[in-house]
Amino acid sequence: MKKSQWYSDQWGKPTYDDQLLFLLLTVGVFQAGLSWQVVASKRAAFERNFCGMDFRKVAGFFPDDIERIAKDPEMIRNPRKIKAVIQNARAIVTLLTDYDSFADYLWDFVGGVPIRHEYEGIDDVPNTLPEATVIAKDMKKRGFTFVGPVVTCMFLKAAGIIQDNIIEESFKK
């Protein structure tokens with residue numbers, strides 16, 4: 001299996017697993033300015049450096065952890081993105097005072113049911129949506145970083161919270 005196959009297999013499947021959601025958000029953070037294939041191929045490095053994607057542990061990281069992670073040759077060594085992942089872990093821990101899980105927080109925006117959008121062709125699919133913009137603003141307000149409307153939209157699509165149906169692909173099946 002290709003290193004990024006897990007991401008292709010996961011893409012668009014609804015998930016309620018907080019660790020997987022944290023991983024998908026991390027891919028989104030690191031994807032800014034890079035291809036998803038490159039970033040998704042770094043899953044092992046993400047899991048190794050971010051405690052198996054245990055956001056509670058990552059939330060306790062210190063500045064020297066950023067330096068340690070940035071020295072990993074298999075890692076995308078952007079200190080700002082590494083710091084953003086740590087900050088996002090802290091934001092998840094903080095929102096657990098209001099929600100039972102990160103998944104509950106995200107799925108609450110859509111009433112627990114994926115939002116489905118239908119498009120004629122792949123070229124019609126926008127890179128952001130109003131729903132993602134609303135969620136991105138709320139996430140930023142709660143202390144998340146690197147979660148602009150585009151990153152958030154891709155993250156929500158990867159997590160199956162927003163789903164795209166491409167009509168021309170449906171006819172090919």
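These questions and answers walk through a predicted model.

Reader: How many salt bridges does the count come to?
Author: The model is predicted. A salt bridge here needs a side-chain nitrogen of Lys or Arg within 4 Å of a carboxyl oxygen of Asp or Glu. By this rule, the number of salt bridges is eight.

Reader: Asp 65 and Arg 68 meet in a salt bridge. What separates the two along their helix?
Author: Both residues belong to helix α6, which covers residues 63-70. Their side chains come to 3.2 Å, N to O. The two are three residues apart in that helix, so the separation is about one helical turn.

Reader: Is Asp 65 buried or exposed?
Author: Its partner Arg 68 is partly exposed, with a relative accessible area of 39%. Buried means under 20%. Asp 65 has a relative accessible area of 16%, so Asp 65 is buried.

Reader: Which parts of the chain does the salt bridge of Arg 142 with Asp 98 tie together?
Author: The closest N and O atoms of Arg 142 and Asp 98 are 3.5 Å apart. The pair ties together parts that are 44 residues apart in sequence, because each partner sits in its own loop. Asp 98 lies between α7 (79-95) and α8 (102-108), and Arg 142 lies in the loop between α9 (130-141) and α10 (149-158).

Reader: How do Arg 142 and Asp 98 rate for exposure?
Author: Exposed means over 50% relative accessible area, and partly exposed lies between that and the buried limit of 20%. Arg 142 has 25%, so Arg 142 is partly exposed. Asp 98 has 54%, so Asp 98 is exposed.

Reader: Which residues join Arg 142 in one salt-bridge network?
Author: Arg 142 also meets Asp 138 in a salt bridge, at 2.8 Å from N to O. Asp 138 counts as buried, at 14% relative accessibility. Salt bridges that share partners link Arg 142 into one network with Asp 98, Asp 138 and Lys 141.

Reader: Where do Phe 30 and Gln 31 sit, and what relative accessible area does each have?
Author: Phe 30 is in helix α2. Gln 31 is in helix α2 as well. Both are under the 20% limit for buried, because Phe 30 has a relative accessible area of 0% and Gln 31 has one of 17%.

Reader: What does Phe 30 touch beyond its neighbours in sequence?
Author: Residues up to four places away in sequence are not counted. A contact here is a pair of heavy atoms within 4.5 Å. The partners of Phe 30 are Val 39, Phe 46, Phe 50, Met 75, Ile 76, Lys 81, Ile 82 and Val 85.

Reader: Which residues does Gln 31 touch?
Author: Again, residues up to four places away in sequence are left out. Gln 31 is buried, with a relative accessible area of 17%. Its contacts are Tyr 7, Trp 36 and Val 39.

Reader: How far apart are the C-alpha atoms of Gly 12 and Gly 160?
Author: Gly 12 lies in the loop between α1 (5-10) and α2 (18-31). Leaving aside neighbours within four places, Gly 12 is in contact with Lys 157, Ala 158, Gly 160 and Gln 163. Gly 12 and Gly 160 are 148 residues apart along the chain, yet their C-alpha atoms are separated by 4.0 Å.

Reader: What is the phi of Cys 51 and of Met 53?
Author: Most residues other than glycine have a negative phi. Cys 51 and Met 53 are both placed in the loop between α4 and α5. Neither is a glycine, but Cys 51 has a positive phi near 50° and Met 53 has one of about 70°.

Reader: How do Cys 51 and Met 53 rate for burial?
Author: Cys 51 has a relative accessible area of 33%, so Cys 51 is partly exposed. Met 53 has 1%, under the 20% limit, so Met 53 is buried.

Reader: Which residues gather in a patch of negative charge on the surface?
Author: Patch members need over 30% relative accessible area. Glu 168, in helix α11 (residues 167-172), clears this limit because its relative accessible area is 39%. The patch is made of Glu 118, Glu 120, Asp 123, Asp 124 and Glu 168.

Conventions. Residues are numbered from 1 along each chain as its sequence is written. This is a predicted model: local features need pLDDT of at least 70, side-chain atom pairs count only at pLDDT 80 or more; totals for chains, interfaces and linings use all residues. Side-chain values use heavy atoms; hydrogens and water are left out. Patches are made of residues with over 30% relative accessible area and no salt bridge: like charges are joined within 9 Å, nonpolar side chains (Val, Leu, Ile, Met, Phe, Trp, Tyr) within 5 Å. Accessible areas come from the Shrake-Rupley method with a 1.4 Å probe; for residues, only the protein chains shown count as cover. Lys and Arg count as positive and Asp and Glu as negative; His and the chain ends are not counted. The place of a charge is taken as NZ of Lys, CZ of Arg, CG of Asp or CD of Glu. Helices (H or I, at least four residues) and strands (E, at least two) are DSSP runs, numbered from the N terminus. Buried means under 20% relative accessible area, exposed over 50%, partly exposed in between (1.4 Å probe, protein chains only).
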